[in-house]
Number of protein chains: 2
Amino acid sequence: MTKIRKAILKILSEDCCLISPAVMLQKLKSAGLNPDRSTIFRELSLLTQKTITNKIVIGDINYYELAEDHHHHLVCMGCDNIAKISLSAHLQQQEEQIKINNNFTVVNHALEFYGYCASCQDTNGDI
Amino acid sequence: MTKIRKAILKILSEDCCLISPAVMLQKLKSAGLNPDRSTIFRELSLLTQKTITNKIVIGDINYYELAEDHHHHLVCMGCDNIAKISLSAHLQQQEEQIKINNNFTVVNHALEFYGYCASCQDTNGDI
DNA sequence: TTTTATGCAAACAATTTGCAGGTCA
DNA sequence: TGACCTGCAAATTGTTTGCATAAAA
């Protein structure tokens, strides 16, 4: 448990939602650390390998989030903002069906909704 | 409507599921064309921009698929195979709820389930 | 002390861009 | 013709790797 790893885990738990390697680097710098980029890539992929974090790709950017805090995302195509929502209960049903119908054991899922948030709906007229 | 664009659309409709830029290049070569990589990137992002295709990222690989043939994916973490399934009816309900609860207008979504297919379950014991 | 993590520099791969020439309507 | 498409080469970005040093167990 090194300084950098501890700081990364702290940032992940505070920021609670998605964070990219680049932003992680910024935040570590703000916290007084100055790690190499490669260290961050190595650390985040290690954490993902250990299923402590999940990796999610949205619009060409790789994001990481704590696996324990599972949820889904509303991605605004107007302002690129990403909000959280949670539909896990419904998907759990689906996953049971998938086990039965497809003989496929689901261990994880990713669900993103793309569209327009309240303010971008206004900007673009009534979509 | 150029030769290359026509060929790309043909390949997309035949292969029906996900296709990466690299594989698209291979298939175009098999079809007797020899386009530059940049042409493929340009073409696929143009098609995506026109919402003719959707871009999906699974395991660090960018895939494209025809938007009209919408479905979801079962991604096997053992053998990396990707299968299609469809749960659209169920998600439509969710999208209406999102409109009401979050004032967010959904125009598209991506849903991938990660887990183990029938044969990989056997290989890994009873997961 | 033995393993594991880190920084640095170099290597890599996928994608993007500028530009000049070619193609399509 | 005028707009768009294409190939080529170069640039850019995000990520990975090898190796020597430093820190952790």
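## Two crossing helices in chain B

Let's start inside chain B of this predicted model. Helix α2(B), residues 21–30, and helix α3(B) have axes that come within 10 Å and cross at roughly 115°. The crossing of α2(B) and α3(B) is right-handed. Two packed helices are described by the angle between their axes and the distance between the axes.

Which residues make the contact? From α2(B) come B:Pro21, B:Met24, B:Leu25 and B:Leu28, while α3(B) brings B:Arg37, B:Ile40, B:Phe41 and B:Leu44. By class, seven residues of this contact are nonpolar, none is polar and one is charged.

## Where the two chains meet

Now step back to see how chain B meets chain A. On each side of the pairing, 35 residues take part: 35 of chain B are in contact with 35 of chain A. About 2,900 Å² of area is buried between the chains, and carbon and sulfur atoms give 63% of that area. In chain B, the residues that lose the most area to chain A are B:Phe104, B:Phe113 and B:Tyr114, which together make up 19% of what that side buries.

## Around DNA strand D

How many residues surround DNA strand D? There are 18, and the closest are A:Phe41, A:Asn62, B:Thr2, B:Arg5 and B:Thr39. Of the atoms of strand D that come within 4 Å of the protein, sugar and phosphate account for 61%.

Some side chains of chain B can be followed right to the phosphates. A polar side-chain atom of B:Thr2 lies 2.7 Å from a phosphate oxygen of strand D. For B:Arg5, a side-chain N or O atom is 2.9 Å from a phosphate oxygen of the strand, and for B:Glu43 the distance is 3.0 Å. The elements giving two or more residues to this surface are α3 (37–49) of chain A, plus α1 (3–15) and α3 (37–49) of chain B. The surface has five nonpolar, seven polar and six charged residues.

## Around DNA strand C

Next comes DNA strand C, with 16 residues around it. Those that come nearest are A:Thr2, A:Arg5, A:Thr39, B:Phe41 and B:Asn62. Sugar and phosphate make up 61% of the strand C atoms that come within 4 Å of the protein.

Here, a polar side-chain atom of A:Arg5 lies 2.7 Å from a phosphate oxygen of strand C, and one of A:Glu43 lies 3.0 Å from a phosphate oxygen. B:Arg42 has a side-chain N or O atom 3.4 Å from a base oxygen of strand C. Two or more residues come from each of α1 (3–15) and α3 of chain A, and α3 of chain B. By class, this surface has four nonpolar, six polar and six charged residues.

How values were computed
Residues numbered from 1 in each chain as written. Chains lettered and ligands numbered in written order. Predicted model: local features only at pLDDT ≥ 70, side-chain atom pairs only at ≥ 80, totals over all residues. Heavy atoms only, no water. Near = heavy atom within 4 Å. Polar contact = N/O pair within 3.5 Å; in protein donor to acceptor, adjacent residues only side chain to side chain. Helix = DSSP H or I, 4+ residues; strand = E, 2+ residues; numbered from the N terminus. Nonpolar A, V, L, I, M, F, W, Y, C, P; charged D, E, K, R; others polar. Axes fitted to C-alpha atoms, helices over the stretch in contact; angles between N-to-C directions. Left-handed = near helix turned anticlockwise from the far one by under 90°. Contact = heavy atoms within 4.5 Å. Buried area = accessible area lost by both parts, 1.4 Å probe.
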